[in-house]
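Hello,

Here is the structure for your files. My notes on its pockets and its ligand follow below.

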Amino acid sequence: MQAITVQRTAAPKEKPDFSRLGFGQYFTDHMFLLHYTEGTGWHTPRIVPYGPLSLDPASMVLHYGQETFEGLKAYRADDGRTLLFRPLENIRRMNRSNRRLQIAEIDETLYLEAIKALVRADIDWVPTHPDTSLYIRPFIIATDPYLGVRASHTYQFLIILSPVGAYYPEGIDPVSILIETEDVRAVKGGTGEAKTGGNYAATIRAQVRAKEKGYTQVLWLDGVHRRYIEEVGTMNVFFSIDGRVVTPPLEGSILPGVTRDSAIRLLTSWGVPVDQRVIAIDELVEAAGAGRLSESFGTGTAAVISPIGSFNYNEQIIPVSGGQIGPLARRLYDELTGIQWGKKADPFGWTVEI
Ligand code: COI
């Protein structure tokens with residue numbers, strides 16, 4: 001493996017108030033950089049002071065969005081250890097996204113070492129307040145200065161770090177969700193299952209409309225029939241109907257979430273049946289009307305476990321668990337965050353110490 005050089009900052013920043021972090025607003029003292037050149041491969045891994053990039057205005061990422069990104073977190077345990085949660089899942093997912101976006105894959109060992117070395121360099125930035133963590137954002141951008149549409153021959157891979165609290169202002173309180181009926185996020189064969197900026201750019205208009213109406217996020221329906229439930233803006237979605245948990249299957253248009261997979265494994269280990277199957281919006285409306293929908297929640301690295309208190313579908317309000325957090329969401333939140341913060345046993349071997 002190539003050695004990672006470290007250039008420490010001469011001017012460390014003042015740290016923010018760790019009890020009032022919000023999400024993704026503060027950045028640490030250092031960042032990781034790696035370059036790719038066709039013929040040479042990925043080279044010159046280094047940690048440098050955090051700062052602006054110098055990019056040619058013709059860089060392909062700025063015009064055609066050839067980029068991928070990831071999101072994972074480092075957690076400070078009470079005993080002083082710093083833990084990553086299932087980092088290889090994110091690393092492998094980025095390489096899958098890279099294949100879809102025609103970007104060169106990165107060696108898993110170097111990638112994991114880069115994350116660890118950067119978090120070590122900024123270890124004082126891992127917050128210790130309850131429900132806070134250090135969000136890790138790796139991303140790759142296409143840097144050829146070229147206006148034709150093709151795969152770039154050069155890329156930059158960066159990792160930046162941000163101490164964070166809850167993603168939603170609601171925290172663990174239930175969020176209200178507007179079911180989007182006009183715009184669509186992705187179709188099978190598109191880039192929906194890749195983690196790439198364009199997927200999120202396409203969602204902003206609906207998100208603005210939802211915010212204007214007082215909703216936290218939108219729920220996406222499939223792009224062909226506008227009928228089958230896909231995912232929420234920044235999380236995968238689960239429903240508890242008739243004592244079984246249902247979540248849409250991974251069939252190409254939704255994000256294969258690491259927290260989604262962790263929730264399925266935890267629920268299954270508790271004996272709760274989980275069905276990964278297609279669920280139509282009319283089935284949800286019907287189940288809610290008949291009192292068979294007992295709870296709903298979203299899962300995501302940023303969103304953790306986020307209970308859903310109500311949906312709006314074509315101006316019809318669908319209340320869920322009386323607007324309260326349901327027992328499965330509560331238990332999942334406690335168990336998952338317990339493992340992540342090193343407070344509970346880790347029977348699946350999910351945490352990786354830095
Ligand atoms: C994450 O949960 O890590 C995400 O990437 C969602 C994000 C777009 C905030």
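The largest pocket encloses about 680 Å³ of space. It is lined by 35 residues, and those closest to its centre are Tyr 167, Tyr 200, Gly 233, Thr 234 and Ala 302. Please keep in mind that this is a predicted model.

Several elements contribute two or more residues to the lining of the largest pocket: the strands β7 (133-142), β10 (217-221) and β15 (293-300), and the helices α4 (197-201), α5 (204-212) and α6 (258-269). By residue class, this lining holds 14 nonpolar, 14 polar and 7 charged residues. Domain 1 (5-164) and domain 2 (175-340) each provide at least three residues of the lining of the largest pocket.

The second largest pocket has a volume of about 300 Å³. Its lining is made up of 22 residues, with Asp 131, Gly 165, Ala 166, Gly 171 and Tyr 333 the closest to the centre. At least two lining residues come from each of β5 (72-76), β16 (304-313) and α8 (327-340). Of the elements, β16 gives the most to this lining, with 3 residues. The lining of the second largest pocket divides into 13 nonpolar, 7 polar and 2 charged residues. Domain 1 (5-164) and domain 2 (175-340) both supply residues to the lining of the second largest pocket, so this pocket lies between them.

Now the ligand. Around the ligand are Phe 69, Gly 71, Tyr 135, Arg 137, Tyr 167, Lys 195, Tyr 200, Thr 301 and Ala 302. Of these surrounding residues, Tyr 167, Tyr 200 and Ala 302 are also among the residues closest to the centre of the largest pocket.

The polar contacts of the ligand include these:

- Lys 195: an N or O atom of the side chain is 2.8 Å from an oxygen atom of the ligand.
- Thr 301: a polar backbone atom is 3.3 Å from an oxygen atom of the ligand.
- Ala 302: a polar backbone atom is 2.8 Å from an oxygen atom of the ligand.

On its own, the ligand has 280 Å² of accessible area, and the protein covers 90% of that.

To recap the two pockets: the largest holds about 680 Å³, and the second largest about 300 Å³. Both domains contribute to the lining of the largest pocket, and both contribute to that of the second largest.

Regards

Notes. Residues are numbered from 1 along each chain as its sequence is written. This is a predicted model: local features need pLDDT of at least 70, side-chain atom pairs count only at pLDDT 80 or more; totals for chains, interfaces and linings use all residues. Side-chain values use heavy atoms; hydrogens and water are left out. On a 1 Å grid over the protein atoms alone, a cavity is a set of points where a 1.4 Å probe fits but cannot get out, and a pocket is an open set with protein on both sides within 12 Å along at least five of seven lines; lining residues have an atom within 4 Å of a point. Grid points are joined across faces, edges and corners, and a volume is the space filled by probe spheres set on the points. Helices (H or I, at least four residues) and strands (E, at least two) are DSSP runs, numbered from the N terminus. Ala, Val, Leu, Ile, Met, Phe, Trp, Tyr, Cys and Pro count as nonpolar, Asp, Glu, Lys and Arg as charged, and the others, Gly among them, as polar. Domain bounds come from an automatic or database domain assignment. A residue is near a molecule or strand if one of its heavy atoms lies within 4 Å of it. A polar contact is a pair of N or O atoms within 3.5 Å; within protein, one must be able to donate a hydrogen and the other to accept it, and residues adjacent in sequence count only if both atoms are side-chain atoms. Accessible areas come from the Shrake-Rupley method with a 1.4 Å probe; for residues, only the protein chains shown count as cover.
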